Amino acid sequence: MNKIRFKTEIWSGDNALNALETINQQHIFIVTDPFMVESGKIESITAKLTDQNELKIFSDIVPDPPINKIISGMTALNEFNATMVIAVGGGSAIDAAKAMKFFAQRVFKKQETITFIAVPTTSGTGSEVTNFSVLTDAEAGVKYPLVTDDILPQVALLDANLVKTAPQNITADTGMDVLTHCLEAYVSINATDFSDSFAEKAFQLVFENIEKVSRNGDDLSARQKMHHASCLAGMAFNLANLGLNHGIAHAAGAKFHIPHGRLNTILLPQIIKYNANLENDLNSTAAQKYSHLAKLIGLSASNPRIGIRSLTNAICQLRKKLNMPDSFHNYGLTKETFNHYKNDIAQAALRDGTTKSNPRKPNKEDVLSILDASFG
Ligand SMILES: NC(=O)c1ccc[n+]([C@@H]2O[C@H](COP(=O)([O-])OP(=O)(O)OC[C@H]3O[C@@H](n4cnc5c(N)ncnc54)[C@H](O)[C@@H]3O)[C@@H](O)[C@H]2O)c1
Ligand SMILES: [Zn+2]
């Protein structure tokens with residue numbers, strides 16, 4: 001039995017922010033990152049809110065949001081008596097806002113509903129439609145996914161104008177995160193026809209548009225397509241969960257502080273090879289599904305072996321065109337640092353909630369060999 005449910009209302013396109021104009025008599029707690037305030041971009045949000053509302057802006061978000069920021073945000077949210085939270089930013093701002101709302105309601109025993117609106121400014125995490133929030137305990141060097149339907153946004157506003165200022169490297173990192181979400185949701189043990197339909201469409205959109213937005217960040221039509229891809233991939237993995245690629249990325253991200261999408265992309269070819277498991281089974285479900293994705297984007301895939309080779313080559317070529325590192329070594333990590341952390345990373349990756357739905361059940365040696373092969 002599959003239960004398919006979508007809670008988030010999605011407004012997409014040029015006038016999506018107009019949804020904010022109808023909000024009235026609310027205490028609105030806006031969670032964002034310093035860039036949005038310093039660049040003045042936050043005004044595209046605040047200008048839509050009438051003065052019938054009270055506003056407070058919390059702009060102290062940093063990438064991979066640490067727990068101390070969540071605590072200060074949740075305290076500020078409570079003192080302000082927020083009735084609504086609007087998260088404006090990349091996955092870090094949206095995830096932090098989700099956690100602030102979730103913990104504030106529990107710690108301060110608030111009964112009232114707090115409406116949550118997510119306005120993504122990167123096309124990457126899909127956090128605007130997911131029940132995931134990824135938090136970082138910087139001291140312990142661990143990333144924790146908080147997964148609960150209580151943090152699903154009620155409304156997501158997808159206006160690609162907000163993404164236009166993302167520089168090439170952030171555009172590439174976040175866009176490849178979308179591709180990783182598609183691939184992981186598609187081969188997840190929880191995948192269904194419903195999640196597959198989102199993953200397939202998002203996968204095609206990324207391949208058609210990521211180079212365009214990387215070359216020209218002002219290409220609004222390609223930007224909007226990538227924004228849709230990010231949201232669709234979020235819908236896919238909200239139904240099917242992710243896999244070992246994210247399990248390792250969460251564990252390694254907490255130690256190496258490599259941007260999330262770039263880290264996923266370093267691992268991607270080795271993860272595909274591991275999941276396809278061609279040495280033991282020429283026709284595994286994962287191998288067939290990867291091969292089907294290759295076919296969808298016009299690559300040769302007359303059998304799973306050829307399909308997987310075409311797919312992996314296409315991803316490696318894309319990574320090169322996007323100026324992304326192809327290994328931890330080329331990212332700039334020293335062998336010493338890598339070796340120092342790799343055992344802890346392997347253990348944490350096996351415990352990560354996203355690893356549970358990987359098509360192949362890994363052990364520590366499997367993770368270590370994926371890591372070693374990705375070092376370069
Ligand atoms: N909740 C989920 O479902 C989910 C899924 C995958 C990843 N994540 C998490 O999300 C975080 C990564 O989010 P992200 O990749 O969106 O990046 P991010 O939110 O960390 O932002 C990266 C950088 O981009 C800047 N930025 C954002 N929008 C910009 C714009 N329009 N113009 C210029 N600069 C801009 C930010 O200021 C920041 O410096 C990680 O913590 C990751 O673990 C969450
Ligand atoms: Zn991701």
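This passage walks through a predicted model, from its annotated regions to its sheet, its zinc site and a few individual residues.

Two regions come from the UniProt record, and they make a helpful starting point. The unreviewed entry places the feature "domain: Alcohol dehydrogenase iron-type/glycerol dehydrogenase GldA" at residues 8-159. Over that stretch the chain is 26% helix and 28% strand, and the C-alpha atoms at its two ends are 16 Å apart. For residues 171-374, UniProt lists "domain: Fe-containing alcohol dehydrogenase-like C-terminal", again in an unreviewed entry. Here the chain is 75% helix and 0% strand, with 22 Å between the end C-alpha atoms.

The sheet comes next. It is an open one, formed by 6 strands in the order S1-S8-S5-S4-S2-S3, and the pairing is parallel. Strands S1 (9-12) and S3 stand at the edges with a single partner strand each, so one side of each has no neighbour in the sheet. On average, neighbouring strands are turned by 15° against each other, direction ignored. Helix H3 (residues 67-79) packs on this sheet and touches S2, S3 and S4; the direction of H3 makes about 170° with that of S3.

A good place to look inside the sheet is strand S2, which spans residues 27-32. S2 is mostly covered, with 5 of its 6 residues buried. On one side, S2 runs parallel to S3 (residues 54-58), and 5 bridges join the two; in this pairing, histidine 27 stands opposite glutamate 54. S2 also pairs with S4 (residues 84-89), in the parallel sense and over 5 bridges, and there isoleucine 30 faces isoleucine 86. S4 in turn pairs with S5 (residues 115-120) through 6 bridges, also in the parallel sense. Along that pairing, alanine 87 of S4 stands opposite alanine 118 of S5.

The loops on either side of H3 each hold a residue with an uncommon backbone angle. Most residues other than glycine have a negative phi. Aspartate 64, in the loop between S3 and H3, has a positive phi near 50°. Asparagine 81 lies in the loop between H3 and S4, and its phi is positive as well, near 60°. With a relative accessible area of 46%, asparagine 81 is partly exposed.

Attention now turns to the metal. The zinc ion (ligand 2) has Asp177 (OD), His181 (NE2), His246 (NE2) and His260 (NE2) as its protein donors, at 2.1 to 2.2 Å. Along the chain, these donors follow the spacing D-x3-H-x64-H-x13-H. Aspartate 177 and histidine 181 are both part of helix H5 (residues 168-187), where they sit 4 residues apart, about one turn of the helix. Both aspartate 177 and histidine 181 are buried. Angles among the 4 donor atoms run from 85 to 171°, and the site is irregular. The upper end of that range explains why the site does not count as tetrahedral, because that label requires all angles to lie between 85 and 135 degrees.

Helix H9 (residues 260-276) holds tyrosine 274. This tyrosine counts as buried because its relative accessibility is 8%, and the cut-off for buried is under 20%. Leaving out residues up to four places away in sequence, tyrosine 274 touches Leu244, Asn358, Arg360, Lys361, Pro362, Asp366 and Ile370. Tyrosine 274 and asparagine 245 are 29 residues apart in sequence, and their C-alpha atoms are 10 Å apart in space.

Two loop residues round off the tour, one buried and one exposed. Serine 188 is found in the loop between H5 and helix H6 (193-215), and at 6% relative accessibility it counts as buried. Beyond its neighbours within four places in sequence, serine 188 is in contact with Ala240, Asn241, Leu242 and Ser357. Asparagine 323, by contrast, is exposed, with a relative accessible area of 63%. Asparagine 323 lies in the loop between helix H11 (304-321) and helix H12 (328-331). Although asparagine 323 and glutamine 168 are 155 residues apart along the chain, 9.1 Å separates their C-alpha atoms.

Note on methods:
Residues are numbered from 1 along each chain as its sequence is written. Chains are lettered from A and ligands numbered from 1 in the order in which they are written. This is a predicted model: local features need pLDDT of at least 70, side-chain atom pairs count only at pLDDT 80 or more; totals for chains, interfaces and linings use all residues. Side-chain values use heavy atoms; hydrogens and water are left out. Buried means under 20% relative accessible area, exposed over 50%, partly exposed in between (1.4 Å probe, protein chains only). Two strands pair if DSSP finds at least two bridges between them. Axes are lines fitted to C-alpha atoms, for helices over the stretch in contact, and angles run from 0 to 180 degrees between N-to-C directions. Contact means heavy atoms within 4.5 Å. Donors are N, O and S atoms within 2.8 Å of the metal (3.2 Å for Na, K and Ca); water is not among the atoms, so sites may look incomplete. Four donors count as tetrahedral if all angles lie between 85 and 135 degrees; four count as square planar and six as octahedral if opposite donors are over 155 degrees apart and all others between 65 and 115; anything else is irregular. UniProt positions are given in the numbering used here, feature names are shortened, and annotations may be inferred rather than shown by experiment.
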